[in-house]
Amino acid sequence: MLDIREFVDLEKFQSIQDMFSDATGLAAIAVGVDGKYITEPSNFTDFCMKYTRESAEGERRCIKCDNECTGVYYCHAGLMDFSIDLKIGEEKVGAIIGGQVLPAPPDEEKFRSIARELGINEDLYIDALRKVPVRDEKTIRAAATMLGDIVNMLVNFQYLQTANEKQVKVFRDEFGGINENIEAAKGLMSDLHNTATMEHILSVNANIEAAAAGKAGVGFAVVAREIGTLSKQSGAVYDEIEHLVNEIQAAVNRIIKSGV
C-alpha cells in the first residue's frame, strides 16, 4: 500500500490547499487511506466542527456522510461537502475532503429544527450558520473538481519523480557493481594472457629439445607444435575478449558520466 506521506511534498500540498480555501471559501483537508489526516484543516467552520460534530448525534451523522458519500454532495446538515479520491494509477492513496459551504442563503427555521434534533443551542447554531460561506452549487462543484485535479496532478508527478530517483539510484548502484566485475574480469584476462605467453615459451623450448633429440624427438616435436598453435590461438582469443571487456567498461563509464 502506497503511503502518500513518503513521496509528496506536504508543505507544497498544504500551500495549494490553503490558497484554494482562501480563494473559494470552501474548507479542505487531505486524509490518507489509513484515515489519518495528511494536512492541516483549511477554512473549517465552527458550524461544522464546534457545533455539529460536537454533538454525539451530529458526529454520528457526519461520520456516516464521510464514509458513504463521494464527489460533491449535500451533508445531513444541509451544507455542501466534497470527497475527491487521490489515486496513483488505479490505487487510491488518499482523499481531499471539505466543503462546509451553503449553496444558497439558508432557511434559518430549518436549521433551528436540525439544532433541536442534535441537541444544540439554537441561537448559537444559527449564529455559527450565518458565518458559513454561501456559494452557488455550480461554483462549488467546479471548485471541488478543480482542487481534485490539481492535487491529483501534484501527487502523481511527485510519485513518478520519487520512483524515477529510486530507479536511477538502483541503476547507478548496479553499474558500480558491473564496473567492479569488469575490473575483476580484466585481472583474470591478464592471468590468462600470461598463461598463453608461458605456453608459447614452453612450445619454443619443446621444439628446441625435440630438434636436439633427433629422430627420438619427432613425436615430441609434433606435440610441441600443437601446443604452440594452441597458445597462439588462445592469445588471440584472450586479446579479443580483453578488447570487448574494455569496450563494455568504456560504455558503462559513458552512461554514468551522462548523468542517467
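**Exercise 1.** In this predicted model, find which residue of strand E4 stands opposite Ala30, and then work out how the strands around E4 are joined.

*Solution.* Start at Ala30, and look across to strand E4, where the residue standing opposite is Ile96. Next, widen the view to the strand pair: E1, which covers residues 27–32, is joined to E4 by six bridges, and the two run antiparallel. Then turn to strand E3, residues 80–88, which is also antiparallel to E4 and is joined to it by eight bridges. As a check on this second pairing, locate Phe82, which stands opposite Gly98 in E4. Finally, follow the chain from E3 into E4: the hairpin has two residues between the strands, and Gly89 takes a positive phi near 65° there.

**Exercise 2.** Decide whether strand E4 is mostly covered or mostly uncovered, and set the result beside the value for the protein chain.

*Solution.* Take the residues of E4, which run from 91 to 101, and count a residue as buried when its relative accessible area is under 20%. Eight of the eleven residues are buried, so that the strand is mostly covered. For the protein chain, with its 260 residues, the buried part is 36%.

**Exercise 3.** Describe the order of helices and strands along the protein chain.

*Solution.* Begin with the totals, which are seven helices and four strands. Reading along the sequence then gives the pattern α-β-α-α-β-β-β-α-α-α-α. To finish, consider the contacts with a separation of 6 or more, of which 63% are between residues 24 or more positions apart.

Technical notes. Residues numbered from 1 in each chain as written. Predicted model: local features only at pLDDT ≥ 70, side-chain atom pairs only at ≥ 80, totals over all residues. Heavy atoms only, no water. Buried < 20%, exposed > 50% of the residue type's maximum accessible area, 1.4 Å probe, protein only. Pairing = 2+ DSSP bridges. Contact = heavy atoms within 4.5 Å.
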